[in-house]
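Please open the structure in your viewer and keep the selection tool at hand. The tour below proceeds stop by stop, stating what to select and what is to be found there.

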Amino acid sequence: MKYFIEVWGCAMNEHDAETLGGLIEKKGFTKADSYSEAQLIVLHTCCIRAKAEDKVIGRIGALSKIKTKRPEMIIAVGGCMTQQEEVAKYIEKRFKKVDIIYGTHNLNEFDKMLTTVLEDKNQVKNISNADEMIIWENMPIKRNDELKAYVNIIYGCNNFCSYCIVPYVRGREKSREISFIVDEVKVLLSKGFKEITLLGQNVNSYGHDFKDGTNFSLLLKELDKLGDYRLRFMSSHPRDFDFELIDTINDTKNVCHQIHLPLQSGSDRIIKEMNRGYTKKHYLALTEYIYKVMPDATISTDIIVGFPGETESDFQDTLDVVENVGYDQAYMFMYSIREGTRAAKMDNQVPEDIKKERFHRLLKLQNKKSLERNKEMLGKTYELLVEGLGEKARLTGRTRGNKVINFTGDINLKGKLVKVKVTDYNTWSLYGELIGD
Ligand code: SAH
Ligand code: SF4
Ligand code: F3S
């Protein structure tokens, strides 16, 4: 029997889906390349914006139709979206063809739920309270990649940014024991993985719940001792990201000089309304210091336009930061109302057409900055980890700054570190030539 998992949302969700894959394979299933050849279809969902949820509902509808012709098919829906009680109830009632509904903390029970469905075809639903999380160690994980691996360091979120649903569906912060993280990274490196990305909604809170002085810097220092590899992390919170941490990163040999530092807004008034706890000045001081101590650093960000009450002048502050920092990459979103969050109740919602218009202006500016950042790389040589085939049958790899460069070379170079000189660029891509090992 074959299974297919479709994942929406963040890196954490992708990684959770790898755990689901591991559990499902233990039940004897193998991975299918598409929906059509799978008996078990899992929709691992996200609810960060309305659009994400609409897509899932559309998919469930389409699959339900297919299932009338293929009644043996098993449909599972779970993750952040179904962690919302009303949504889980809606799916349960509206889509009788869905067999399994699971919450964000019920991955460990997925194999049991599957057994139940295989034995007696009834709909099963397991959704624990978001705040009652147990960290399950040594779960089977079916990794999607053989060079790069995600490793969770902290689950949940305590920040309650006023627009965000994550704290409600993922529960309170819970750090993973340092020894488990170190052991997992050791095993991955021994298996030949070359790059590890540490995951958390706010990695800078790592260890605070232990109340014994453990923190993110300490973790980075411990992991740095484990060999020669590339170590990345996301996301950081500008309120908790400090100068000392920047120095720590610079002092390590393995931590890549790549910082994902979500801005959300450049306006102090809006940042406050968002409950983010920093100022434009503090944010710019951080990015300035990053470039000062690590001139080769790349910085990426997340930005929301059209948060309730955002005026043209607030938006100008956001554009100003984008102009000033010169992000290598920015993930930009139009504010989406999430029921149950504080911002959903604000009565000064920004009209859709204004959100769209601002979004396009921001996109245009960021594209210009991306092009400028890529242009700065022209003629310079970078160490690439070769990932495989990319655009137009060229090889593709990433720099330590996580920039993708396409170049011509032998596929046997996959997994190797090579030196490539940048020869051409555009807004979205970089091209280079191999200059030896
Ligand atoms: N924990 C991470 C990001 C989590 S969600 C962090 O704090 O950086 C990823 C991004 O989605 C956020 O950074 C934010 O830019 C965006 N986002 C979250 N809620 C949103 C909403 N209601 N509408 C639009 N974008 C949102
Ligand atoms: Fe959401 Fe803020 Fe937590 Fe990120 S830090 S997950 S944006 S509440
Ligand atoms: Fe989405 Fe859940 Fe991640 S809401 S962004 S999948 S934590």
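Two strands count as paired if DSSP finds at least two bridges between them. Keep this in mind for the sheets on this tour of a predicted model.

**Stop 1: a parallel sheet**

Select K148, and then E195 in β10, which K148 stands opposite. Extend the selection to β7 and to strand β10 (residues 195-199): these two run parallel and are joined by 5 bridges. Strands of a sheet pair through backbone hydrogen bonds, in either a parallel or an antiparallel manner. Now add β11 to see the open sheet of 3 strands, whose order is β7-β10-β11 and whose pairing is parallel. Which strands form the edges of this sheet? They are β7 (148-152) and β11 (230-234), each of which pairs on one side only. On average, neighbouring strands here are turned by 25° against each other, direction ignored.

**Stop 2: a closed barrel**

Next, select β15, β16, β17, β19 and β18; in that order they make a closed barrel of 5 strands with mixed pairing. The average turn between neighbouring strands of this sheet is 55°, direction ignored. For a detailed view, display strand β16 (residues 395-398) and strand β17 (residues 404-407), which run antiparallel and are joined by 4 bridges. Within β17, I405 stands opposite G397.

**Stop 3: ligand 1**

Select ligand 1 and the 15 residues around it, of which Q201, P262, Q264, D302 and S336 come nearest. Which polar side-chain atom lies 2.6 Å from an oxygen atom of ligand 1? It belongs to D302. A polar side-chain atom of Q264 lies 2.7 Å from an oxygen atom of the ligand, and an N or O atom in the side chain of R49 is 3.1 Å from one. Of the 540 Å² of accessible area that ligand 1 has on its own, the protein covers 90%. Colour β13 (298-305) and β14 (329-334), the elements that give two or more residues to this shell. By class, the shell has 7 nonpolar, 4 polar and 4 charged residues.

**Stop 4: ligand 3**

Move to ligand 3 and display its surroundings: C10, N13, C46, C47, I48, C80, V166, R170 and Q201. How many residues of each class does this shell have? There are 6 nonpolar, 2 polar and 1 charged.

**Stop 5: the domains**

Finally, colour the chain by its division into domain 1 (2-132) and domain 2 (381-435). The C-alpha centres of domain 1 and domain 2 lie 36 Å apart.

Definitions and conventions: Residues numbered from 1 in each chain as written. Chains lettered and ligands numbered in written order. Predicted model: local features only at pLDDT ≥ 70, side-chain atom pairs only at ≥ 80, totals over all residues. Heavy atoms only, no water. Near = heavy atom within 4 Å. Nonpolar A, V, L, I, M, F, W, Y, C, P; charged D, E, K, R; others polar. Axes fitted to C-alpha atoms, helices over the stretch in contact; angles between N-to-C directions. Domains from an automatic or database assignment. Polar contact = N/O pair within 3.5 Å; in protein donor to acceptor, adjacent residues only side chain to side chain. Areas by Shrake-Rupley, 256 points an atom, 1.4 Å probe, with all protein chains shown as cover.
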